[in-house]
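Here is a walk through one protein chain, written for someone meeting it for the first time. Have a look at the structure, then read on with it at hand.

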Amino acid sequence: MRIHATLIAVLFACFLGASAARADAPVDVREGIASTGLCGLVNEAYPTCPERWAVAANAGYGYTEDVGNVPGSHHRLMGSVGAGVVPLRWLALALRLDGRIDLHPHDDRGKDITGTGDPRLFLRGGHDLKRGASVGAEVVLWAPGNTAPSFEPSAITADFKALAAWRPNKPFALLGHVGYRLDHSANSAPDLRRLRQGDRLALGLSDYDAVLVGIGGSLRMIEKTELFAELSLDMLTGSGAPDLKVSPMRATLGARYFLIPGLQGELALTGVFSSRPGFALGAPLVPVDPRVSVTVGVRYGRLLHPPPAKKIEEPSDAPVTEPQVEQPKTAEVRGSLIDDKGEPVPDVRVVLTVAPETTLRESVTDGDGVYAFTEVPIGDATVEATAPGFQTQQWVVEVRPNLTPAAARALVRKSDTGTLRLLTRTFSSEPLSATITVRDGRGRKANTGKGDERGLYEIDLPPGRYTVMISAPGYRTLRREVSIERYGVAILNVDMREEK
């Protein structure tokens, strides 16, 4: 087996875990439907999907230029029909039948036309996370054929994928997958020695496993139109695998139109940027996708549990009474504080009192000088603003419904003084109420006091240099020098050490 057992176990465990999870996210009935009948784009899939059933049909054309020793261009007519069902939002199953007709008019043995059909079975599980994210896993079983119809059990190929999607808002979504393909498709190939060169180009079979990587996104431009784009890589791996540049690398652009509820139309253009392999006699098989292809599709889906229809009430002859609109009982009180120069004043203590309440409500202005109180009862309220270096101000506000923010209020500075703000804590950062003594430059006592329960002490002082002594029982006394400027705030933060 050409795949590490550990990788299979991890991917399969992701699938079982996602399938067992319960999802309760809301359903969006306008989820895009892929060619499988399940939610997704072209190569990218949503881990979860609304509970519904859907059918899909695709038709397209692909063109491939001259490849190596295969002369002439190659043409492919493609088609598929799919049907999917999502019995639970986190569990989905689908069957898709892919068919194609390959035309190679310039083969070395003359004009050549071949056809084949391949069934694919999809089993998907997922789980919705928070903020629009979802994760899950998918197993795809492919039974490649030689002609249509044909079936070769030993050629059954399995894809194991881990899925993720993020839908931060309704118009935009981001999807991705990583996985591994256990590829046995080469077992369905006919005798390569008898094949025309054009037939080798049309086989689409591989002698190598592949690491699968892809990412895509969609954008709902208007209500009924969705644009999407995808990038995917099937990196061929295993003994003797070709260079990365030969592995199929695709880019897809497309659009969906939501015709009526449940019916969608789709147009997609895909380009392949990988190099082409050689087709020498006996060379290993490498899948070759058309260089460019265009597909059109139609999908139809219905929710398994549609919401009940709204009951239409018969008109009544009784007089219509207008409903009474209840007036709000509270409002928000918001305003801002500035200084005499029009600059915002932060860290102002603002206290609001509403009669007959006795409990005060307190706020502190932010960096823009803004204060706010929510759910204030309708009526008159008293507001008081206190800030170091400014005079305390008090005013009355009439609280009413839909109250607009008050105009900026200017605070009045005190006389030509500055402010000393001291915060005292223990060495373990606990608040400490200490005794503070302030002396001026001549050693005269300017003030003495004690910090509050938060360890905070504030005092207004004339400009100058001061010595501050901080003491508390059981702690070493500290001495600090500080300079007070006019209208300035000098801040001291000290940590007290215990006496030994």
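Strand β13, residues 330-338, and strand β19 run parallel and are joined by two bridges. One place to find this pairing is Leu337, which stands opposite Arg409 in β19. Bear in mind while you look that this is a predicted model.

β13 and β19 belong to an open sheet of three strands, ordered β16-β13-β19, and its pairing is mixed. The edges of this sheet are β16 and β19; each has a single partner strand, so one side of each is left without a neighbour in the sheet. As background, strands of a sheet pair through backbone hydrogen bonds, either parallel or antiparallel.

Leu337 also leads us to a loop. Its C-alpha atom is separated by 8.4 Å from that of Asp368, although the two residues are 31 apart along the chain. Where does Asp368 lie? Look in the loop between β15 (361-364) and β16 (370-377). Is Asp368 buried or exposed? Its relative accessibility is 56%, and exposed means over 50%, so Asp368 counts as exposed.

Now back to Arg409, the residue opposite Leu337. Arg409 lies over the face of Trp395, at 4.1 Å from the ring centre. Another arginine does this elsewhere in the chain: Arg120 lies over the face of Trp142, at 4.4 Å from the ring centre. As for rings paired with rings, the count comes to two aromatic pairs.

Trp395 takes us to its own strand, β18, which covers residues 393-399. Which way do the side chains point along β18? They alternate: Gln393, Trp395, Val397 and Val399 point to one face and are buried, while Gln394, Val396 and Glu398 point to the other face and are not buried. This fits a general pattern: in a regular strand the side chains alternate between the two faces of the sheet.

β18 has an antiparallel partner in β17 (residues 379-386), with seven bridges joining the two. Among the paired residues, Asp380 has Glu398 in β18 as its bridge partner. β17 and β18 make a hairpin with six residues between them, and Gly389 in that turn has a positive phi of about 85°.

A positive phi also turns up at residues that are not glycine. One of them is Asn402, with a value of about 55°, found in the loop between β18 and β19 (409-410). Asn402 is exposed, because its relative accessible area is 75%. Another is Ser429, whose phi is about 70°; Ser429 sits in the loop between β20 (418-426) and β21 (435-439).

Time to move to another part of the chain. How many strands make up the closed barrel? There are 12, running β1-β2-β3-β4-β5-β6-β7-β8-β9-β10-β11-β12 with antiparallel pairing. From one strand to the next, the twist averages 20°.

For a closer look at the barrel, pick β8, β9 and β10. Strand β8 (residues 209-222) and strand β9 (residues 225-237) run antiparallel and are joined by 13 bridges. The hairpin that takes β8 into β9 passes through two residues. On its other pairing, β9 is joined by nine bridges to strand β10 (residues 249-260), again antiparallel.

Some residues that stand opposite each other in these strands are set out below.

| Residue | Opposite residue | Strand of the opposite residue |
|---|---|---|
| Gly214 | Ser232 | β9 |
| Leu227 | Ala255 | β10 |
| Ala229 | Leu253 | β10 |

Finally, step back and take in the whole chain. It holds two helices and 26 strands. Of its 500 residues, 43% are buried. The chain exposes about 26900 Å², and carbon and sulfur atoms supply 58% of that area. And what about contacts between residues at least 6 apart in sequence? In the chain, 60% of these contacts join residues at least 24 apart. The pair we met earlier, Asp368 and Leu337, is 31 residues apart along the chain, with 8.4 Å between the C-alpha atoms.

Note on methods. Residues are numbered from 1 along each chain as its sequence is written. This is a predicted model: local features need pLDDT of at least 70, side-chain atom pairs count only at pLDDT 80 or more; totals for chains, interfaces and linings use all residues. Side-chain values use heavy atoms; hydrogens and water are left out. Two strands pair if DSSP finds at least two bridges between them. Helices (H or I, at least four residues) and strands (E, at least two) are DSSP runs, numbered from the N terminus. Axes are lines fitted to C-alpha atoms, for helices over the stretch in contact, and angles run from 0 to 180 degrees between N-to-C directions. Buried means under 20% relative accessible area, exposed over 50%, partly exposed in between (1.4 Å probe, protein chains only). Contact means heavy atoms within 4.5 Å. Accessible areas come from the Shrake-Rupley method with a 1.4 Å probe; for residues, only the protein chains shown count as cover. Rings of Phe, Tyr and Trp (its six-membered ring) pair if their centres lie within 6.5 Å; planes under 30 degrees apart count as stacked, over 60 as edge-to-face and the rest as tilted. A charge sits over a ring if NZ of Lys or CZ of Arg is within 6 Å of the ring centre and within 35 degrees of the ring normal.
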